[in-house]
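Trainee: Please take one part of this model and go through it closely. I would like the site, its setting and the cut-offs behind each term.

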Amino acid sequence: MVSGSSVLSEIAAVLEPQGIFVRGVVSFHDGNGPSLSYGSCARTVVLLGNIGGSIWRSFDHWRTSDQGPDPLDTWSRVAIDRVAGALGATALYPSDQPWQPFQRWATQAEGLAPSPLGILIHPRFGLWHGYRGALAFAEDLGAAPVESTGHPCTHCIEKPCLATCPAGALAPTGFAVNPCRSYLDSDGGRATCMANGCAARNACPVGADFRYSAEQLRFHMAAL
Ligand code: B12
Ligand code: SF4
Ligand code: SF4
């Protein structure tokens, strides 16, 4: 019998020193879990991610200049594959095709809701968090019930994110990729969002203490 709390403690003991946190647990009782590496469907997915700039020091210390186009993905795999191997879990990654529904899992595990940017907003961390991977298990590790934490955007009357985007890529109806892309590829875009991070994300007042450093913001924009 696998104990959910001891598995979560083991994961945290290895990954938290690198800034990767257990962000939530999703249970599947209906065969809707992702496929495990040896065939059957997962009954539990443990979501792993960063809170604010938690991963940056460890990643920045690890990286060198010749690690290919996605060094953060490679760093995440090195850390998470090791834990998956030790626990007999299947590691899943947000950039792998076919895309696994990381955001849907996060809404189930943490009760989060999308912001106008398309990314999920957390009541404490704001827009400054993300998912580095997940561990899928054949066993039911027992997800804790999710308490509703409220959705910050509902109470944000002025919605500065919508007014700030210089490309007009954000509307109450959603995020338009093409105007954003074209702007980022212009001189104006290179001098603003590419240099300082997405202006709309920076304008959000929620979780300002968890904002990424200027160096991390530039890294993510270049990767985008
Ligand atoms: C494709 C993709 C994009 C595309 C979106 C194209 C589009 N219009 O759909 C592009 C390249 C534009 C993009 C941009 C960004 N993305 Co993106 N993206 C993804 C990716 C790889 C797949 C999304 C998907 O289709 N999933 C498949 C479906 C089945 O999963 P789902 O959970 O059920 O689907 C949800 C999403 O599709 C979401 N959604 C719908 N429309 C849009 C639009 C945008 C812009 C986003 C981000 C999500 C989104 O709503 C669905 C229901 O929950 C995910 C990783 C993943 N595996 O989910 C990251 C992911 C969603 N992205 C993420 C981030 C952080 C970003 C950026 C901020 C990148 C950056 N600069 O750091 C930007 C945000 C845009 C901005 N204004 O700056 C994070 C979000 C974390 C969070 N807090 O929610 C994710 C989860 C990756 C991660 N490692 O954590 N992204
Ligand atoms: S500025 Fe307001 S509406 Fe926009 S993401 Fe932040 S809380 Fe939500
Ligand atoms: S990166 Fe710049 S152009 Fe793209 S959505 Fe953010 S503010 Fe708008």
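Mentor: Ligand 2 is surrounded by Ser115, Pro116, Ile121, Cys153, Cys156, Lys159, Pro160, Cys161, Cys204, Pro205 and Val206. Each has a heavy atom within 4 Å of the ligand. This is a predicted model: local features need pLDDT of at least 70, side-chain atom pairs count only at pLDDT 80 or more, and totals for chains, interfaces and linings use all residues. Side-chain values use heavy atoms, without hydrogens and water, residues are numbered from 1 along each chain as its sequence is written, and chains are lettered from A and ligands numbered from 1 in the order written.

The shell around ligand 2 holds nine nonpolar residues, one polar and one charged. Here Ala, Val, Leu, Ile, Met, Phe, Trp, Tyr, Cys and Pro are nonpolar; Asp, Glu, Lys and Arg are charged; the others, Gly among them, are polar.

Cys156 is partly exposed, at 23% relative accessibility. That class lies between buried (under 20% relative accessible area) and exposed (over 50%), with a 1.4 Å probe and protein chains only. The structure has zero disulfides, a disulfide being a pair of cysteine sulfur atoms within 2.5 Å.

Now the setting. Domain 1 (4–137) and domain 2 (152–223) both give residues to the shell, so ligand 2 lies between them. The bounds come from an automatic or database domain assignment. The domain centres, over C-alpha atoms, are 23 Å apart. 25 residues of domain 1 contact 23 residues of domain 2, with heavy atoms within 4.5 Å.
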